Amino acid sequence: MRAMVLDSPRAPLREMRLPRPKPGAGHILVRVSSCAVCRTDLQIADGELTHPKLPLVLGHEVVGFVEGAGEGANRFKLGTRVGIPWLGWSCGSCRYCQSGQENLCEKAKFTGYTLDGGYAEYMTADERFCFAIPESYSDAHAAPLLCAGLIGYRCLSKSGKAERLGIYGFGAAGHIVCQIACQQKRKVFAFTRPGDNEAQAFALSLGAVWAGDSKTLPAEPLDAAIIFASSGDLVPQALQSVAPGGIVVCGGIHMSDIPSFSYDILWRERSICSVANLTRCDGEEFMALASRFPIKTSVKTFPLSEANEALTHLRNGKLKGAAVLTMT
Ligand SMILES: [Zn+2]
Ligand SMILES: [Zn+2]
């Protein structure tokens, strides 16, 4: 099978022919159809996330079809379409796993980071961590749901009942969360890189009531803000935009250092939290929501062999929505 392999951080991915992997006990063999490209992939490739397995096949927003099953794996029929997310395995017995917080399991394994992922024609996965995909989505349009959608949904849950919601960074996750939030009758304020008129217009077209530069304050204070961009500078910026009692959610992406800031902008019960990984429960809830309410994912497809180009587009901020690798 063909795969794009990371040999070492900061080197381009290398196209290779590898033997098709064999599913172990409880695992399925999946013929990959589409795999979305996440900013986390870029951070792994660039050496900002420092403990990948090497060599590594990146990719944790995978849509494919079950083509084989290891011993005892019987959850999905052959031919079923499944999605494979970032959380690839958790221990099931630690205090986090036992209390509904498997996203924090210290022994957890992650697809496309400590396990091989979906920048390949085939991969294996623990069937307990895979999801069925709502029928109404094509493979390529479903792929960004697996991380941008799912982690975005966990961030939105953390923002509680916020009526006025800020979204900092309007890429793959932002454009999905905006649609869900608007459908829930929240008012969305979209913050983009200064001067990114295209992303601002895109946000308004998806229902945001306001769009502007991340360095400006919104027209009215927010109840919550979610940051999907990787710049720690945005944390004090977002804190200044939220009203007393509001929350700033750091949305699941590894951030640069947060500069020090005046206590005044945290005072009056504002809070900051981070989102790490996902639970299977988030995935089930989010997929149920995605089947009730059609989310329009904006995708730009690249053939598998152009994975490096897709990463470069993401690095340069040149994407509207999500990049998706397609295998055929
Ligand atoms: Zn991701
Ligand atoms: Zn655990």
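# Getting to know this chain

Reader: How far is the sulfur of Cys-182 from the closest cysteine sulfur, and why is there no bond?
Author: The partner to look at is Cys-178, whose sulfur is the closest to that of Cys-182 in this predicted model. A disulfide needs the two sulfur atoms within 2.5 Å. This pair is too far apart for a bond, because the gap is 4.1 Å.

Reader: So how many disulfides turn up in the whole structure?
Author: A disulfide is a covalent bond between the sulfur atoms of two cysteines. The search went through the whole structure, and the count of disulfides is zero.

Reader: Which cysteine sulfur is nearest to the one in Cys-155, and how far away is it?
Author: Cys-155 is in no disulfide either. Its own surroundings are protein, as Cys-155 counts as buried at 0% relative accessibility. The nearest cysteine sulfur belongs to Cys-273, at a distance of 7.9 Å.

Reader: Stepping back, how does the radius of gyration of the chain sit against the globule rule?
Author: Start with the parts: the chain has eight helices and 18 strands. For 328 residues the globule rule gives 20 Å, and the chain is close to that, so it is as compact as a globular protein of that length. The radius of gyration itself is 19 Å.

Reader: And what box do the C-alpha atoms fill?
Author: Many of the contacts bridge distant parts of the sequence: among those with a separation of 6 or more, 69% are between residues 24 or more positions apart. Buried residues make up 55% of the chain. Taken along the principal axes, the box is roughly 55 × 40 × 35 Å.

Reader: What share of the exposed area do carbon and sulfur atoms supply?
Author: The chain exposes about 14,400 Å². As for charge, there are 34 positive and 31 negative side chains, with the centres of the two sets 2 Å apart. Of the exposed area, carbon and sulfur atoms supply 50%.

Reader: Is helix α6 largely enclosed or open, and which strands do its buried residues pack against?
Author: Helix α6 covers residues 234-241, and seven of its eight residues are buried, so it is largely enclosed by the rest of the structure. Among those buried residues are Leu-234, Val-235 and Leu-239. The strands they pack against are β11, β12, β14, β15 and β16.

Reader: Where is Glu-15, and which residues does it touch?
Author: Glu-15 is found in strand β2, residues 14-17. It is partly exposed, with a relative accessible area of 43%. In sequence Glu-306 is 291 residues from Glu-15, while their C-alpha atoms are 9.3 Å apart. Not counting residues up to four places away in sequence, Glu-15 touches Arg-2, Ala-3, Met-4 and Ser-305.

Reader: Which peptide bond is cis, with omega near -10°?
Author: Most residues other than glycine have a negative phi, and most peptide bonds are trans. The place to look is the loop between α1 and β4, where Pro-55 is found. The cis bond runs from Leu-54 to Pro-55.

Reader: What phi does Arg-268 have, and is Arg-268 buried or exposed?
Author: Arg-268 is found in the loop between β15 and β16. Its relative accessibility is 51%, so Arg-268 counts as exposed. Although it is not a glycine, its phi is positive, at about 70°.

Reader: And what is the phi of Arg-10?
Author: Arg-10 is in the loop between β1 and β2. At 64% relative accessibility, Arg-10 counts as exposed. Its phi is a positive value in a residue other than glycine, near 70°.

Definitions and conventions:
Residues numbered from 1 in each chain as written. Chains lettered and ligands numbered in written order. Predicted model: local features only at pLDDT ≥ 70, side-chain atom pairs only at ≥ 80, totals over all residues. Heavy atoms only, no water. Helix = DSSP H or I, 4+ residues; strand = E, 2+ residues; numbered from the N terminus. Rg over C-alpha atoms; globule rule 2.2 N^0.38 Å. Buried < 20%, exposed > 50% of the residue type's maximum accessible area, 1.4 Å probe, protein only. Contact = heavy atoms within 4.5 Å. Areas by Shrake-Rupley, 256 points an atom, 1.4 Å probe, with all protein chains shown as cover. Lys, Arg positive; Asp, Glu negative; His and termini not counted. Charge placed at Lys NZ, Arg CZ, Asp CG, Glu CD.
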